[in-house]
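Trainee: Got a minute to go through this one with me?
Mentor: Yes, put it up and ask.
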Amino acid sequence: MTDMLSDNVTETHADLFSKFDPLIQMRENLLASGVEDPFGLVMERVLSPTVAMCNGRETILLGTYNYMGMTFDPDVIEAGKQALDDFGSGTTGSRVLNGTYAGHKAVEEALCDFYGMDHAMVFSTGYQANLGIISTIAGKGDYIVLDIDSHASIWDGCKMGDAEVVPFKHNDIEAMEKRLRRIPEGAGKLVVLEGVYSMLGDIAPLKEMIAVAKKYGAMVLVDEAHSMGFIGPNGRGVAEDQDCLADVDFVIGTFSKSVGTVGGFCVSNHPKFEIMRLVCRPYVFTASLPPSVVATACTSIRKLMNAGEKRAHLWENSRTLHKGLRDAGFELGTDEPQSAIISVIMPDLERGAAMWEALLHEGLYVNLARPPATPANMTLLRCSLCAEHSAEQVEQIIGMFTRAGTTVGII
Amino acid sequence: MDREETSARIAALIDPFNKKGVEITDATRFTDDLEFDSLTVMDFVAAIEDEFDIIISMNQQAEIENYGQLVDAVVKLQG
């Protein structure tokens, strides 16, 4: 018997991991140059929304998307502790079975109130919200028209569904219109846009783009992950700021940025929206968020409705950092600060990694972003500001960048 | 538009993207022979879409590896 089996096994073993060899090599080359691993940082202790201990150093956090600094808000923490005591550590179940607790309904109500919309559906992550909604609503024979710089979760949602996927050049209204015009008559159309694009921190001309999408009878989905809480008069995002939120069919958002915990959501006024809870697989076939998470999210969202002063301070921080870095001689992703993300363009990956490490030694953490996540194969140091960064910290940050940039030879 | 005419128009469009002056035949592969990266693909596809007023969706692009397949696809998409 053993002999028969071994006789059949004649093919040479193909290592499924050999496809990763170029990336493994690239990483080895980078680390061989002696830099700290930019993708292996451990925060040993977190002291506040803006300061942590990293590799034994006290480090200012400037790459966390913790825009509104809600992670250590006393009311938020208290709500989480209470929910742990009252409801336990987890739901162990799907939202459509045993995983909907009072807290899940409460946070969905908070979202309806926050956005002034009829329906809200909470997913276990923001990634799953895009994955689920896009793959479910655009089916075979439908067309998805999307910006080429869309987030990975949007692309993966497209790939998971059966619709025809048609990208257009970043923020190019004419390119989008041409594609909409060429879609066969009668086909369903979904236009997917983002309020803030997180790589360069630039915003979309949503008002013009949504008007074009509506002219061609398309439904519109806008991912407002990087704008919730501080862009727009009520912090509803770029669409609210540009006075076109009423024309957005689906807003996708996340709890893992301004809200300060984890989770994702979709809000909508579509009259049939509730059916999504039964047909959207990334919603159905996964466990719901723990009670403590939805309790912290709910408290945070309700506090964000009245966070005018924090918003104003965050914008002040964004303007100060943008001007300071530009005056120091850095090349930035946008001419003017458009969001709480200030993206610093590096000449190449080697000097980007060297600069990232020099900043870490200065006591500053930023995100290193490299291809293929970046547009036009750029290497970026992305800075995301927090409403809890003090004016002094922002000045400190500019000083750190200037010293590190001089050491590495970028400015 | 017949295959020959379509091919001639695509050949003219490919020129600015053919940096190394690779000779184009039906068997020429975009990634392996012309060394197109994802950004070049996007610009090249947009140029063809505009020239013929068609959509070549990502789903269709995934099936196109060489020049001959592209010409066939464009002929078909023009209906």
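Mentor: Before the spans, a term: helices and strands here are DSSP runs, helices of at least four residues and strands of at least two. Also, this is a predicted model.
Trainee: Fine. What does UniProt list for residues 4-78 of chain B?
Mentor: The UniProt record, an unreviewed entry, has "domain: Carrier" there.
Trainee: How much of that span is helix, and how much strand?
Mentor: Residues 4-78 of chain B are 55% helix and 0% strand, and the end C-alpha atoms lie 14 Å apart.
Trainee: How many residues does each chain give to the contact?
Mentor: Chain A gives twelve residues and chain B gives ten. On chain A, the elements that supply two or more residues are strand 6 (164-168) and helix 7 (173-182).
Trainee: And how do the residues on that side of chain A divide by type?
Mentor: Seven are nonpolar, five are charged and none is polar.
Trainee: Switching to helix 4 of chain A. How far does it reach?
Mentor: Helix 4 covers residues 102-115 and reaches 20 Å from first C-alpha to last, close to the 20 Å expected.
Trainee: Which of its residues are buried?
Mentor: A:Gly103, A:His104, A:Val107, A:Ala110, A:Leu111, A:Phe114 and A:Tyr115. Viewed down the axis of helix 4, these buried residues fall within an arc of 120°, so they line one face.
Trainee: What do they pack against?
Mentor: Several elements of chain A, among them helix 3 (74-87), strand 4 (119-123) and helix 12 (291-304).
Trainee: And what phi does A:Gly116 take, just after helix 4?
Mentor: A positive one, about 65°.

Note on methods. Residues numbered from 1 in each chain as written. Chains lettered and ligands numbered in written order. Predicted model: local features only at pLDDT ≥ 70, side-chain atom pairs only at ≥ 80, totals over all residues. Expected span 1.5 Å × (residues − 1). Buried ≥ 20, exposed ≤ 12 C-beta atoms within 10 Å, placed from the backbone. Arc of directions from axis to C-beta. Contact = placed C-beta atoms within 7 Å. UniProt positions renumbered as here; feature names shortened; annotations may be inferred. Nonpolar A, V, L, I, M, F, W, Y, C, P; charged D, E, K, R; others polar.
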